[in-house]
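Please look over the structure shown here before turning to the briefing below. The points are grouped by topic for reading at the bench.

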Amino acid sequence: MITDEEVLHIANLAKIELKDDEVEKFRKGFQSILEYFEILDEVEEDVEPTFQVLPLKNVFRDDVPGKPLEREKALMNAKHVEEGYFKGPRVVE
Amino acid sequence: MTSHQISIAEWRERLKSEKAEDLIMELIERIERSKYNAFISINKDAIERAGEFDRGKVNGKLAGIPVAVKDNISTGGLLTTCGSKILYDYIPPFDAHVVERLKSEGAIIIGKTNMDEFGMGTTTETSYFGVVRNPHDPERVAGGSSGGSAACLSVGEGVISLGSDTGGSIRCPSSFCGVVGLKPTYGLVSRYGLIPYANSLEQIGPLATCVDDLALLLEVIAGKDQRDSTNSGKEFVFDPELLNGKKLTVGIIREMSGNDDVMSSFNEAVEVIKSLGHSIKEVSMPSFKYALAAYYIIAMSEASSNLARYDGVRYGHTLEQITSWNKFFSAVRAEGFGDEVKRRIMLGSYALSAGYYGKYYLKALKVRTLVIRDFKRAFKECNLLISPTMPALAFKIGELADPLTMYKADVNTVPINLAGVPSLSLPIFERKRLPVGMQIIGNYFEENSIIAFARKVEAEINEI
């Protein structure tokens, strides 16, 4: 059983604020989905995992300097900008 | 093909007697009047591009042809929302690789199509901009997540379009709307500029009203791009003569089926394939029992990492007041994401969290190995594999309210993304006046066999 505390813990990991009534709604959904995922308990352990389907290894490009995105373009979608920088929340209180 | 649909050949025919500028204006008016909600935004520059074509300044494989682009593919200077409130006003500062390719071949980008938020859905009901209605029955969904890209073609609001397919997002709406759609082999089309949901599963792919148009669009978008490190560097050139006179062995996948309507249509299509001289064989893929769970665990895990970038700092929805780190990010994301996106990010975070990694994520990657093995075995016996694309006809709007029920609708499409093989959805025989799609699956980079085969089946079905 997934508890309300676990839902709040997951929401905190994911950085998504939940209202009280949302906790119960998501808890129910999580419960049935995670129960469905239990089917994987049947799968044999002794198999190599596949992270990536193509047999590609160490794809390199030539190390030639390119043109970076101009500062003005990089900032054009931000609402909080100061002196040519993004302005974000304070990390240390 | 319905009477509304417009093929590239028909559009070119019109261009002989009419100006591209007039045709594009007419198309835009049609989209603006539409009740299907297939588009999130229209590209006003399209009329100017059409004017350039009229003045003889545009060349290329798609010169003067309008293309609709899914709204998770970056178009420089043109709104790109991913169907989400969190990107409601995002203007990309650059073009995706596929958009560069379209422009260099003279295509006219007509607008950006509606989609499930970040591609997370099977019905386009999770879009912040509202559901896409199915042109065959407006009370039903167009499918998802590339619902707009498919619906616009089936009602003549577009000629060709681009979608993206993470677990069926091109093939499902193609099936529900009666158009052709392809998920290419993983790595055939560059993902540079595709706003990511689940990188190891998704590909950009073409949708069209007929197989020939789809092949041409794939030729344009496939190929080498250094900016996507998973790009194979392979080109695609269509060879329509490839299968001439060849008799294939076509495998029906036992584990992929559908309801009675779907199966009666599918069985009729199987008879058509037999009548073309190909042999049919049943194949079993035991790992598919686990594919749906494995797919959702991988997709959610990758989503939880990918969508961490939406923090209200660099782009998109934000708050007036910048408060503390934790509070600010959590509030921006609570306001900006819809429920399905929140659900997948949270479950992905859970699956990757300490103590659960081995139970969920690693296990899912092991299933992926088993799925690949099953495909390898099947392609030793068969040239191509087929199944119904979707297990049911287009759903009524609101019918799949429960998330798990919605996930289960993807049962036939997700194993393809786990393995990375290509698959095309071809319209077959309608049931209850609704389209049904057949999925044609090939081995890695066998797009040419799939498309050449689909072309023959399409021609035969159109005769009936």
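What follows is a briefing on the contact between the two chains, the nonpolar core, one helix and one strand. The model is a predicted one, and its local features are limited to residues with a pLDDT of at least 70.

**The contact between chains A and B**

- Chain B contributes 53 residues to the contact, while 43 residues come from chain A.
- On the side of chain B that touches chain A, the elements giving two or more residues are helix H9 (291–306), H10, helix H11 (339–352), helix H12 (361–381) and helix H13 (403–408) of chain B.
- Of these, H12(B) supplies the largest share of that side, with 10 residues.
- By residue type, the side of chain B that touches chain A is made up of 31 nonpolar, 15 polar and 7 charged residues.

**The largest nonpolar core**

- The largest nonpolar core holds 161 residues, and the members that touch the most other members are B:Val67, B:Ala291, B:Ala294, B:Ile297 and B:Ile440.
- H9(B) provides the largest share of this core, namely 11 residues.
- Leaving aside residues up to four places away in sequence, B:Ala291 touches B:Val367, B:Val371, B:Val414, B:Pro415 and B:Leu418.

**Helix H10 of chain B**

- Helix H10 of chain B covers residues 325–336, and its 12 residues should span 16 Å at 1.5 Å a residue, which agrees with the 16 Å that separates its end C-alpha atoms.
- Its buried residues are B:Phe328, B:Phe329, B:Val332, B:Arg333 and B:Gly336.
- Because these buried residues cover an arc of only 115 degrees around the axis, they lie on the same side of H10(B).
- As a general point, an α-helix has 3.6 residues a turn, so residues three or four places apart point the same way.

**Strand S13 of chain B**

- In strand S13 of chain B (residues 437–441), 5 of the 5 residues are buried, so the strand is largely enclosed by the rest of the structure.
- Both faces of S13(B) are covered, with B:Gly437, B:Gln439 and B:Ile441 buried on one side and B:Met438 and B:Ile440 buried on the other.
- In a regular strand, the side chains alternate between the two faces of the sheet.
- S13(B) pairs in the antiparallel sense with strand S11 (residues 384–388) of chain B over 4 bridges, and B:Leu385 has B:Ile441 as its bridge partner in S13(B).
- S13(B) also runs antiparallel to strand S12 (residues 423–427) of chain B, to which 5 bridges join it, and here the bridge partner of B:Pro427 in S13(B) is B:Gly437.

Key: Residues numbered from 1 in each chain as written. Chains lettered and ligands numbered in written order. Predicted model: local features only at pLDDT ≥ 70, side-chain atom pairs only at ≥ 80, totals over all residues. Expected span 1.5 Å × (residues − 1). Buried ≥ 20, exposed ≤ 12 C-beta atoms within 10 Å, placed from the backbone. Arc of directions from axis to C-beta. Contact = placed C-beta atoms within 7 Å. Nonpolar A, V, L, I, M, F, W, Y, C, P; charged D, E, K, R; others polar. Core = buried A, V, L, I, M, F, W, Y, C linked by C-beta atoms within 7 Å. Pairing = 2+ DSSP bridges.
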